[in-house]
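Below are some notes on the backbone of this model, set out as numbered points for a colleague who has it open. Please read each point against the coordinates.

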Amino acid sequence: MTVSIAKQGRVAVVTIDNPPVNASSQAVRAGLLEAVAATEVAPDIDAVVLACAGRTFVAGADVREFDLPPVEPHLPDVIAAIEAASKPWVAAIHGTALGGGLELAMGCHVRIADPKARMGLPEVTLGLVPGAGGTVRLPRLVEAELALTMIAGGKPISAKAALEAGLIDAIATGNLLGEAVALANTLDAPRRTLENAVVGATNPDAFDKTASGLRRKARGQVSIGAAIDAVERGLRLPAQKALAEERATFLALKSSDQARALRHIFFAERATLADPSFKQTPRPVTRIGVIGGGTMGAGIASACLMRGFHVTLIERDDTSLAAGTNRVCGTLDSSAKRGLLPDLDAVIARFETATDYAALADADLVIEAVFEDLEVKKQVFAQLDAVTRPDAILATNTSYLDVNAIAGVLSDPSRAIGLHFFSPAHIMKLLEIVLPDAVAEDVIATAAKLSKSLGKIGVLSGVCDGFIGNRIMSAYRAEADRLLIDGATPEQVDAAMRDYGFPMGVFEMQDLAGLDIAWAMRKRRLAEGKISGPYIRIADRLCEMGRFGQKTGAGWYDHSDKGAQPSELVMSIIAEERQVMGKADPSFPTEHVMPRILGAMTREAEAVLAEGIARSANDIDVVMVNGYGFPRWKGGPMLASRAAAD
Ligand code: COA
């Protein structure tokens, strides 16, 4: 039974059991409605506890149902029936009460939660607004600005914060269900959320500031603006009118392209490592070595420490080691200040440093993050081969070098793998797991498990120059250079990309990351004869002048306190190179910019797929959305190109 009823004295315990996350599917909704009817007429029942089996309270609507026509009973009607019940309903919340789950809990008359529970309305992240009363009931329980950040920001809050805010009535100290039943026994009458007045804004200026900040952050994502509007209506309109408008917005958004795209990414992210061929038993990993304490190495060390691993950081001398250690401690400190690390001392106690590779003798896994140079990385691997246990996994964090060549220096190359983190490594969710030819299957399984333990989205990539992401990025970067030759300006290209929804354009991104890394890569690829077609020298000429981007004060743009300004010098270099290539027309229609950039992206993505470097089009979308700023609400380049073709 998806919904069952048991009796504890004069309290009915209604339990939802719909694995994995108790989504409020049609069977759950129908079961709840029957439970309301049954408990209302039962003469031996005075109150009801609503609880869930398994790992969590209802974690939302069943997202898979959103692509199908809606089937009765609808969630708003189920919640209305619970709220209207004559006997008090107590929600007993554990795990995550999200979306429709929290709406259900707010329809109950009293809420008690496990101390570790989290509650939120994340619909906005799926391109929606709450559709079962969330925007009307939440502002009747908590202060307006919190309702706004939860609904339009989509961020869940802890049980402690929920109690302080008035969203829940109690936190269980021991057995959640037992305490919920005890609480139900004390209640005389239902206390209906919709009958409350709205709490209102404690500080109207702060509310307005938060709303405009969220609207700015939305770029092109429609649901964020719609969620802000819905909260404002929830605060202003009579409850029944606000409920009707909320439902209409929800239904309109549900079938929108953006919501479809966000659902696509939601499921694609959860499917990246689902391939059953990699379900071997992983090797145990508790002790991780990190070679190199630069930005990447320190970020990786921090990410591992924050997720409970023991980390030994290695640098070549005491000065570099001190700098690397400072970077790690700085990251840990600021995470602790933001409340992300409850026990900083325990984390630091798992952190060791050394200048001698011998300190890695008992490491289960070593990740090298040294200078991006094949010979240097091979030397590091040769040293690791000598000092590590023969079953220890050796990973390289290279972002484009040949992982087969690096693995080849080991006496047993089956223990080598690529782990391509993105900077800042303790924040960015993407992890490309790069598979050299000889890699053992249990090594892949270990990397997959590690990625989950680190809270990352792991995507499997074959070995090629740049793996999935950097290869596609190089292709559209080359197209951006061709756009300059054809008459576009860097500002025009960047503005078009921002309008499309990227956080920044391709030239701004190069100025931020530094032009020198890609320059080194181009020089290597030219030497290896890997660059074909007419070669555009604009970026090389900027690098020859030391214009490496923001860090040198100049790149594609001039950088100063006033921000980035277009550069006359760069424009004259572009004009010269246009002439060299026989193009003179210094103008380009802006509407042609994005089709060209997206076309280059998808052509390369198709090649990456055809060569078997990526396992699926979905994996490519996940990589570009999580590592390369592709707008999530467009679903990634593969989905966007399919949508454009339809
Ligand atoms: N509808 C349908 N399926 C869902 C779902 C939902 N709302 N939420 C999760 N699932 C599925 C996942 O696809 C996954 O399926 P799989 O095992 O076949 O891959 C499974 O449940 C477990 O989810 P996962 O995210 O891997 O587990 P987790 O423990 O890391 O996280 C949650 C659990 C609930 C926090 C997370 O799944 C989540 O945030 N879900 C979405 C909640 C939401 O947005 N609700 C509002 C909907 S409008």
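1. The model is predicted, and its backbone may be considered against a general background: most peptide bonds are trans, and most residues other than glycine have a negative phi. The points below take up departures from that pattern.

2. Proline 73 is found in the loop that runs between strand S3 (47-52) and helix H2 (75-84), and the peptide bond leading into it from glutamate 72 is cis, with omega near -5 degrees.

3. A cis peptide bond also joins serine 423 and proline 424, where omega is about -5 degrees; proline 424 lies in the loop between strand S15 (416-421) and strand S16 (430-435).

4. Turning to phi, arginine 219 is not a glycine, yet its phi is positive, at about 45 degrees. Arginine 219 is located in the loop between helix H8 (204-217) and helix H9 (222-236), and the residue is partly exposed, its relative accessible area being 43%.

5. Phenylalanine 467, likewise a residue other than glycine, has a positive phi near 55 degrees, and this phenylalanine lies in helix H18, which comprises residues 467-485. Is phenylalanine 467 buried or exposed? Phenylalanine 467 counts as buried because its relative accessible area is 0%, and buried means under 20%.

6. For checking the model by eye, the sites to visit are therefore the cis bond from glutamate 72 to proline 73, the cis bond between serine 423 and proline 424, and the positive phi values of arginine 219 and phenylalanine 467, given that most residues other than glycine have a negative phi and most peptide bonds are trans.

Methods
Residues numbered from 1 in each chain as written. Predicted model: local features only at pLDDT ≥ 70, side-chain atom pairs only at ≥ 80, totals over all residues. Heavy atoms only, no water. Helix = DSSP H or I, 4+ residues; strand = E, 2+ residues; numbered from the N terminus. Buried < 20%, exposed > 50% of the residue type's maximum accessible area, 1.4 Å probe, protein only.
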